[in-house]
Amino acid sequence: MFRVPASSRLFLPGRQLVAHPTPVRRCLVVCLPGSLALARTPHGHAHRSGLRSHLVKQPVGCRTVMMSLESVPPKYAQLVQTLQRRIEAGDYPPGSLLPSENQLIQEFGVSRPTVVAALRMLREQGWIDSQQGKGRFVRGRPAMASVESNRPGQAYLTTPEADTPGEVLEAGAVGVPNRIGALLDVPQKAKAFLRRRLIARDGGPTELVSLWLPLELSEGTDLTSGEPLAQGLREHLKARKGVRFDHVVEQITARMPSADEAKKLAMPKNTPLLAVFGAVRDASGRPLVVVEVLLPADRHELEDAYPVA
């Protein structure tokens, strides 16, 4: 029978993640005022996730990208992942004939609908081509897969703080801004727990990262400590509070910084910043955490890739 460790996850750029057995999805909405739009690209060292950021001019617009944060993939998603790995490893080189449906059924011990669903997903993502009467041929890793990576907000939910140079500026209960309150679903003028860090790379500040939590969720955790967390936030809260991150609603906006933000980030005068908000929810949709990442626009570029249906 087909087996893949339960911790396996499959990320497909720009589409609903096939690895989740339920319709819960992660939604990235990109909407900017004026003539500014955002994109995402892997680059060097700007983020632990492999992301560099920079403000670029594009036509005005919004788009939605679906991705699950954490899930146990069903069999067809596991099969997709395994075949992708084989293609990348050269077991199925570009131009070669992929094993037939019957061969895959026999090798992995799965049903025909499972195999058909996996092959359809590989074709839609550009890994293979189907030729009637001949079979399915390998195209190789699609170009858009090269920009598949963690998004800035997600990186700070999963990466241990100890792996990212920076200092804790604030950790405690504070009044929540309107946007954060709406994302956390807390009343106006209520308080929430804030943990804010200033991240530095190449000898200078690069981003401000704020974690916002309901007060009760911060109790009994190490978030009040001035030391960097040895675990990622997701793992830490799962171990201490028993909560599971299921999906993220991520919003990206552009605005001018406050005087304090500009000073902390050493931003030149009249330079805007990018604000990334990632609202983490459990499987029921209950808000758990909001991660806010502020990025100076003169040092960052975001690029995304997605298939054209």
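**Close-up views of helix packing and backbone geometry**

**View 1. Helix H2 passes helix H3 in a right-handed crossing.** In this predicted model, the axes of H2, which comprises residues 101-108, and H3 come within 9 Å and cross at roughly 115°. On the H2 side the meeting involves Glu101, Asn102, Leu104 and Ile105, whereas H3 contributes Arg112, Val115, Val116 and Leu119. Sorted by character, the residues of this contact between H2 and H3 comprise five nonpolar, one polar and two charged.

**View 2. The buried residues of helix H2 lie on the same side of the helix.** Which residues of H2 are buried? They are Glu101, Leu104, Ile105 and Phe108, and because they cover an arc of only 100° around the axis, they are placed on the same side of H2. In an α-helix there are 3.6 residues a turn, so residues three or four places apart point the same way. The partners against which the buried residues of H2 pack are H1, H3 and strand S8, the last of these spanning 135-138. Just after H2, the backbone at glycine 109 takes a positive phi of about 65°.

**View 3. Helices H1 and H3 form a right-handed crossing.** The axes of H1 (residues 75-89) and H3 (residues 112-124) come within 8 Å and cross at roughly 50°, an angle that makes H1 oblique to H3. From H1, the contact is made by Lys75, Tyr76, Leu79, Val80, Leu83 and Gln84, and from H3 by Thr114, Val115, Ala117, Ala118, Leu119, Met121 and Leu122. Divided by character, the residues of the contact of H1 with H3 are ten nonpolar, two polar and one charged. Val115 and Leu119 of H3 appear in this contact with H1 and are also met by residues of H2.

**View 4. Lysine 189 has a positive phi although it is not a glycine.** The phi of lysine 189 is about 70°, and the residue has its place in the loop between helix H5 (178-184) and strand S10 (191-201). Is lysine 189 buried or exposed? With a relative accessible area of 82%, lysine 189 is exposed.

**View 5. Alanine 266 is found in a loop between a helix and a strand.** The elements that flank this loop are helix H8, covering 259-264, and strand S13, covering 273-281. Although alanine 266 is not a glycine, its phi is positive, at about 50°.

Note on methods. Residues numbered from 1 in each chain as written. Predicted model: local features only at pLDDT ≥ 70, side-chain atom pairs only at ≥ 80, totals over all residues. Heavy atoms only, no water. Axes fitted to C-alpha atoms, helices over the stretch in contact; angles between N-to-C directions. Helix = DSSP H or I, 4+ residues; strand = E, 2+ residues; numbered from the N terminus. Parallel < 35°, antiparallel > 145°, perpendicular 65-115°, else oblique. Left-handed = near helix turned anticlockwise from the far one by under 90°. Contact = heavy atoms within 4.5 Å. Nonpolar A, V, L, I, M, F, W, Y, C, P; charged D, E, K, R; others polar. Buried < 20%, exposed > 50% of the residue type's maximum accessible area, 1.4 Å probe, protein only. Arc of directions from axis to C-beta.
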